[in-house]
Amino acid sequence: MRNIWTIAKREYDNYFNSPLAYVVAFAILLPLGIYFALIIWISADQAMFGGGGAPEATPINWLFVFLMIFLSPALTMRALSDEARMGTLELMLTAPVRDFELVAGKWLGAMLFVLSLALVTLVFPIILNNFVTPSIDWKVVLSSYLGLVLVVSALLALGVGISAIFTNQFAAFFTTLGLFFFLWFMIGLPASYLQESGEVLNYLSLSNHFSSSMNIGTINLGDIAYYLSLTALGLFVGTTAIEIRRWR
Amino acid sequence: MIKVSGLTKDYGARRAIQNLNFDAQQGEIVGFLGPNGAGKTTTMRILTGYMPPTDGEAIVAGYDVVEESLEVRKRVGYLPETVPLYTDMVVFDYLKFMGDLRHIPDVDDRVDEVLDMVGLIDRANGYIGNLSKGMRQRVGLAQALLHRPEVLILDEPTIGLDPGQVVEVRELIREIGKERTVLLSTHVLHEAQNICDRVLIINKGKIVAEDTTENLQARLIGAERVIVRVRGEADELADTIKQVKGVRGVETKEDGAVEFEFASGKDLRPEVAKQVIKSGYDLLELRPLGMSLEEIFLELTGSETKKK
């Protein structure tokens, strides 16, 4: 555990050394800010004519997760592929660190970075709370953030896992992006034609467990299990890829 | 401290090392000599737990490198050939990070101590990416020394250093080697001679010679080899030369020339010349063959670039 933390800490600090992390932060926080302003503006407009409900904070989180589909591969593409390219993997693999600890440390480091961004986005519901009487529904906000953390955890674990397979960071990036794109948009598409057996595909879809579930305040075990399983799968793929590297 | 038996490693169809057997005791500096691609780095990577061998076993610091890899890695300091470093990190932070992974208590003090040992204390707050090759080499060495390892494995530790630093680093290794086990690879023969107690010469994945530096020196450069040529038939030339005291390794070549050697320091050429002339031969040539350490090394390793 201690080694995972040591590696995660280095990884986290390292994000602030690279312009990429700032680009990702910018590419997330700017659209979120604009979207938030729009939500308030439209609600205020509607309220003037007596219509529309109170503005909600959860669409912001939906956008956050949606943007992560495209941006998280950039955060994880270098995680292990760059260590392999630079040769520093040899350093890690001859240090008294288990292969799993290395992979989990990389994942946790990326997690901490995204959690820092998520922490910044907390200003949106807090500001919104000032405009709404009596107050916004904090339970839904909480559920939405839980969902966000779980989705991000799965995305980053899969990204780190894929980055362990490649030595080239761009190969890792496009493979990860392709996988997320497929899991988010495409896997559920044939479901409506397949009727009952299509349910399996619906279950595998990344978006279903968040958009129409935790993000609107429904927490159920199946959704949590889904994201945790993907996280475990990602870390397992990463660990196995590192072990295979040793034997090659 | 290091015990290797029957170690073999295949990369696909290519056999990198084949049935290596050697050991190294505590307080011993063992040099690993060989041309590029001989299997030095492969062997070191197996000993440091980086990759498992195809066959055979290696015990380092009392633990098996495959079965108890983590225990081995805790006790080994390793400087890889390419000196991989996180170039976007500050020297101090990097060493602290490596120290944290090894759970070193009071890691800050220890990092300062090690930086002082390798003479980099004034660069502690500089980025590794801005350091020269020699300085990076020393950062790598500092990393290998951090946890006071029982066994130190150094792959080409003095490559890229300027002459002054080479002397310093050799001094440092010699100092460390008094209490610990050091295995270092090099292709600078002079270096092996200079700091190693024992030398293993490896070629094409096999050990071709193993001896203490003194013996190897005696065997390799301790003897000077001379070729003698006379006019006409020289059937008994060899016997004639053998009569001179101190001459050894007398050998008659196909073309009738005779080669012999004598311990260096005591030149027997005048005596041999007198003896040859006294026996009625017309001496045509008496020429030292000048087997340098380099040439013998090339001989042993059977390199194609061997001088004529």
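**Two chains, one predicted model**

Trainee: How many helices and strands are in chain B?

Mentor: Chain B has 11 helices and 14 strands. Those are DSSP runs numbered from the N terminus: helices are H or I with at least four residues, strands are E with at least two. This is a predicted model, where local features need pLDDT of at least 70 and side-chain atom pairs count only at pLDDT 80 or more, while totals for chains, interfaces and linings use all residues. Residues are numbered from 1 along each chain as its sequence is written, and chains are lettered from A and ligands numbered from 1 in the order in which they are written.

Trainee: OK, and what does the secondary structure of chain A come to?

Mentor: Chain A comes to 13 helices and 0 strands.

Trainee: What radius of gyration does chain A have?

Mentor: Chain A has 20 Å, which agrees with the value near 18 Å for a compact globule of 248 residues. That radius is taken over C-alpha atoms, and the globule rule is 2.2 Å times the number of residues to the power 0.38. Along its principal axes, the C-alpha trace of chain A spans about 70 × 45 × 30 Å.

Trainee: How much of each chain is buried?

Mentor: In chain A, 40% of the 248 residues are buried; in chain B, 41% of the 308 residues. Buried means 20 or more other C-beta atoms lie within 10 Å of the residue's own, exposed means 12 or fewer, and partly exposed is in between, with C-beta atoms placed from the backbone.

Trainee: Which residues have the most contacts inside the largest nonpolar core?

Mentor: Trp107(A), Leu156(A) and Ala142(B), in a core of 133 residues. A nonpolar core is a set of buried Ala, Val, Leu, Ile, Met, Phe, Trp, Tyr and Cys residues joined through C-beta atoms within 7 Å. Helix α8 (residues 138–165) of chain A gives the most to this core, with 14 residues.

Trainee: What does Trp107(A) touch, leaving aside its neighbours within four places in sequence?

Mentor: Trp107(A) is in contact with Leu156(A), Ala157(A), Val160(A) and Leu235(A). Contact means that the two C-beta atoms, placed from the backbone, lie within 7 Å.

Trainee: Switching topic: how many residues does the contact take from chain A and from chain B?

Mentor: It takes 18 residues from chain A and 21 residues from chain B. On the chain A side, α1(A) gives the most, with 5 residues.
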